[in-house]
Amino acid sequence: MTLRFSRHDNVLTVLAIIEDPVYLAEPWIFSKNFQLSATPVAPVGPPCVTTYEGGTPGTVPHYLPEKNPFVEEMTKKYQVPRDAVLGFPETLYPEYRKKLKALR
(Lines give C-alpha, C1' and ligand atoms only; values in the text may rest on other atoms or scores of the structure.)
Protein backbone atom coordinates (compact mmCIF):
# COMPACT_ATOMS: atom_id res chain seq x y z
CA MET A 1 0.00 0.00 0.00
CA THR A 2 1.28 3.44 -0.93
CA LEU A 3 -0.05 6.54 0.82
CA ARG A 4 0.59 10.08 -0.39
CA PHE A 5 -0.34 13.11 1.68
CA SER A 6 -0.46 16.57 0.18
CA ARG A 7 -1.64 19.78 1.80
CA HIS A 8 -2.76 22.86 -0.09
CA ASP A 9 -3.62 25.65 2.34
CA ASN A 10 -6.43 24.20 4.53
CA VAL A 11 -7.13 21.11 2.41
CA LEU A 12 -5.35 17.82 3.05
CA THR A 13 -5.55 15.22 0.27
CA VAL A 14 -4.77 11.58 1.02
CA LEU A 15 -4.15 9.31 -1.98
CA ALA A 16 -3.97 5.55 -1.38
CA ILE A 17 -2.86 2.91 -3.87
CA ILE A 18 -3.39 -0.70 -2.85
CA GLU A 19 -1.75 -3.45 -4.89
CA ASP A 20 -2.60 -7.02 -3.91
CA PRO A 21 -2.26 -9.53 -6.75
CA VAL A 22 -3.89 -12.29 -4.68
CA TYR A 23 -7.19 -10.51 -3.97
CA LEU A 24 -7.25 -7.64 -6.49
CA ALA A 25 -7.03 -7.99 -10.27
CA GLU A 26 -6.10 -4.31 -10.63
CA PRO A 27 -4.62 -1.74 -8.22
CA TRP A 28 -7.26 -0.05 -6.06
CA ILE A 29 -6.77 3.71 -6.02
CA PHE A 30 -8.79 6.13 -3.94
CA SER A 31 -8.41 9.58 -2.46
CA LYS A 32 -10.00 11.57 0.34
CA ASN A 33 -9.98 15.30 0.98
CA PHE A 34 -10.13 16.85 4.43
CA GLN A 35 -10.67 20.52 5.23
CA LEU A 36 -9.19 22.11 8.34
CA SER A 37 -11.78 23.38 10.79
CA ALA A 38 -10.96 26.01 13.40
CA THR A 39 -13.95 24.90 15.48
CA PRO A 40 -13.03 22.32 18.13
CA VAL A 41 -15.11 19.15 18.00
CA ALA A 42 -16.57 18.03 21.31
CA PRO A 43 -17.12 14.31 21.95
CA VAL A 44 -20.75 13.38 21.41
CA GLY A 45 -22.72 10.56 23.00
CA PRO A 46 -21.81 7.87 25.49
CA PRO A 47 -18.50 6.00 25.26
CA CYS A 48 -18.37 2.73 23.36
CA VAL A 49 -19.63 -0.29 25.28
CA THR A 50 -18.55 -3.80 24.37
CA THR A 51 -21.37 -6.24 23.74
CA TYR A 52 -21.97 -9.78 22.53
CA GLU A 53 -22.70 -9.88 18.82
CA GLY A 54 -23.32 -13.58 18.44
CA GLY A 55 -19.91 -14.74 17.22
CA THR A 56 -17.23 -16.86 18.76
CA PRO A 57 -14.29 -14.70 19.84
CA GLY A 58 -11.29 -15.12 17.55
CA THR A 59 -13.28 -16.28 14.50
CA VAL A 60 -14.43 -14.43 11.38
CA PRO A 61 -17.50 -15.70 9.48
CA HIS A 62 -16.57 -16.36 5.86
CA TYR A 63 -16.98 -18.69 2.88
CA LEU A 64 -14.06 -20.25 1.09
CA PRO A 65 -13.61 -19.37 -2.60
CA GLU A 66 -16.27 -21.03 -4.77
CA LYS A 67 -18.13 -22.26 -1.63
CA ASN A 68 -20.52 -19.31 -1.03
CA PRO A 69 -24.07 -20.74 -1.26
CA PHE A 70 -25.60 -17.30 -1.86
CA VAL A 71 -23.78 -16.31 -5.08
CA GLU A 72 -26.54 -17.66 -7.32
CA GLU A 73 -29.24 -15.76 -5.39
CA MET A 74 -28.70 -12.49 -7.26
CA THR A 75 -28.22 -14.16 -10.65
CA LYS A 76 -31.62 -15.83 -10.36
CA LYS A 77 -33.41 -12.77 -8.96
CA TYR A 78 -32.22 -10.30 -11.63
CA GLN A 79 -31.46 -12.71 -14.50
CA VAL A 80 -27.84 -11.49 -14.74
CA PRO A 81 -24.92 -13.73 -15.75
CA ARG A 82 -22.75 -14.98 -12.89
CA ASP A 83 -19.60 -13.24 -14.20
CA ALA A 84 -21.37 -9.86 -14.12
CA VAL A 85 -22.57 -10.45 -10.55
CA LEU A 86 -19.13 -11.39 -9.26
CA GLY A 87 -17.75 -8.11 -10.60
CA PHE A 88 -14.62 -9.21 -12.41
CA PRO A 89 -12.51 -6.24 -13.63
CA GLU A 90 -13.86 -6.27 -17.18
CA THR A 91 -17.40 -5.65 -15.87
CA LEU A 92 -16.39 -2.07 -14.98
CA TYR A 93 -15.99 -0.97 -18.58
CA PRO A 94 -18.71 -0.06 -21.12
CA GLU A 95 -17.41 -2.68 -23.57
CA TYR A 96 -18.72 -5.40 -21.24
CA ARG A 97 -22.29 -4.59 -22.33
CA LYS A 98 -21.49 -6.01 -25.77
CA LYS A 99 -20.35 -9.23 -24.12
CA LEU A 100 -23.59 -9.35 -22.08
CA LYS A 101 -25.68 -9.00 -25.21
CA ALA A 102 -23.76 -11.87 -26.81
CA LEU A 103 -24.42 -14.07 -23.77
CA ARG A 104 -28.17 -13.56 -23.98
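**Group meeting: a walk through the sheet, the salt bridges and the rings**

Okay, let's start with the strands: strand 1 and strand 2, the latter covering residues 11-18, run antiparallel and are joined by seven bridges. Before I go on, please keep in mind that what you're looking at is a predicted model.

So how do those two strands connect? Strand 1 and strand 2 make a hairpin, with two residues between them. If you look in that turn, you'll find Asp 9, which has a positive phi of about 60°.

You can follow the pairing residue by residue, too. Leu 3 has Ala 16 in strand 2 as its bridge partner, and Arg 4 stands opposite Leu 15, again in strand 2. Hold on to Leu 15 for a second, because its bridge partner in strand 3 is Ser 31. That takes us to the other pairing: eight bridges hold strand 2 and strand 3 together, also in the antiparallel sense.

Put that together and you get an open sheet of three strands, in the order 1-2-3, with antiparallel pairing. Which strands stand at the edges? Those are strand 1, residues 2-8, and strand 3, residues 28-35; each has a single partner strand, so one side of each is left without a neighbour in the sheet. On average, neighbouring strands here are turned by 15° against each other, ignoring direction.

One bit of background while we're on strands: in a regular strand, side chains alternate between the two faces of the sheet.

Right, on to the charged side chains. How many salt bridges do we have? The count comes to two. In one of them, Arg 82 pairs with Glu 66, and the closest N and O atoms are 3.6 Å apart. Arg 82 sits in helix 2, residues 82-86, while Glu 66 is in the loop between strand 3 and helix 1, which is 71-78, so this pair ties together parts that are 16 residues apart in sequence.

There's also a salt bridge between the side chains of Glu 72 and Arg 82, at 2.8 Å from N to O. This one links distant parts of the chain as well, with Glu 72 in helix 1 and Arg 82 in helix 2, ten residues apart. You'll have noticed Arg 82 turning up in both: Glu 66, Glu 72 and Arg 82 are linked in a network of salt bridges.

What about accessibility in that network? Glu 66 counts as exposed, at 68% relative accessibility. Arg 82 is partly exposed at 32%, and Glu 72 is partly exposed too, with a relative accessible area of 32%.

Last topic: the aromatic rings. A pair of rings is described by the distance of the centres and the angle of the planes. We have two aromatic pairs in this structure. Take Trp 28 and Phe 30: their ring centres are 4.8 Å apart and their planes are at 40°, so that pair is tilted. Trp 28 is partly exposed at 48% relative accessibility, and Phe 30 is partly exposed at 30%.

Then there's Tyr 63 with Phe 70. Is that one stacked or edge-to-face? The centres are 6.0 Å apart and the planes are at 70°, so it's edge-to-face. As for accessibility, Tyr 63 has a relative accessible area of 47%, which makes it partly exposed, and Phe 70, at 49%, counts as partly exposed as well.

That's my tour, thanks for listening!

Technical notes. Residues are numbered from 1 along each chain as its sequence is written. This is a predicted model: local features need pLDDT of at least 70, side-chain atom pairs count only at pLDDT 80 or more; totals for chains, interfaces and linings use all residues. Side-chain values use heavy atoms; hydrogens and water are left out. Two strands pair if DSSP finds at least two bridges between them. Helices (H or I, at least four residues) and strands (E, at least two) are DSSP runs, numbered from the N terminus. Axes are lines fitted to C-alpha atoms, for helices over the stretch in contact, and angles run from 0 to 180 degrees between N-to-C directions. A salt bridge is a side-chain nitrogen of Lys or Arg within 4 Å of a carboxyl oxygen of Asp or Glu. Buried means under 20% relative accessible area, exposed over 50%, partly exposed in between (1.4 Å probe, protein chains only). Rings of Phe, Tyr and Trp (its six-membered ring) pair if their centres lie within 6.5 Å; planes under 30 degrees apart count as stacked, over 60 as edge-to-face and the rest as tilted.
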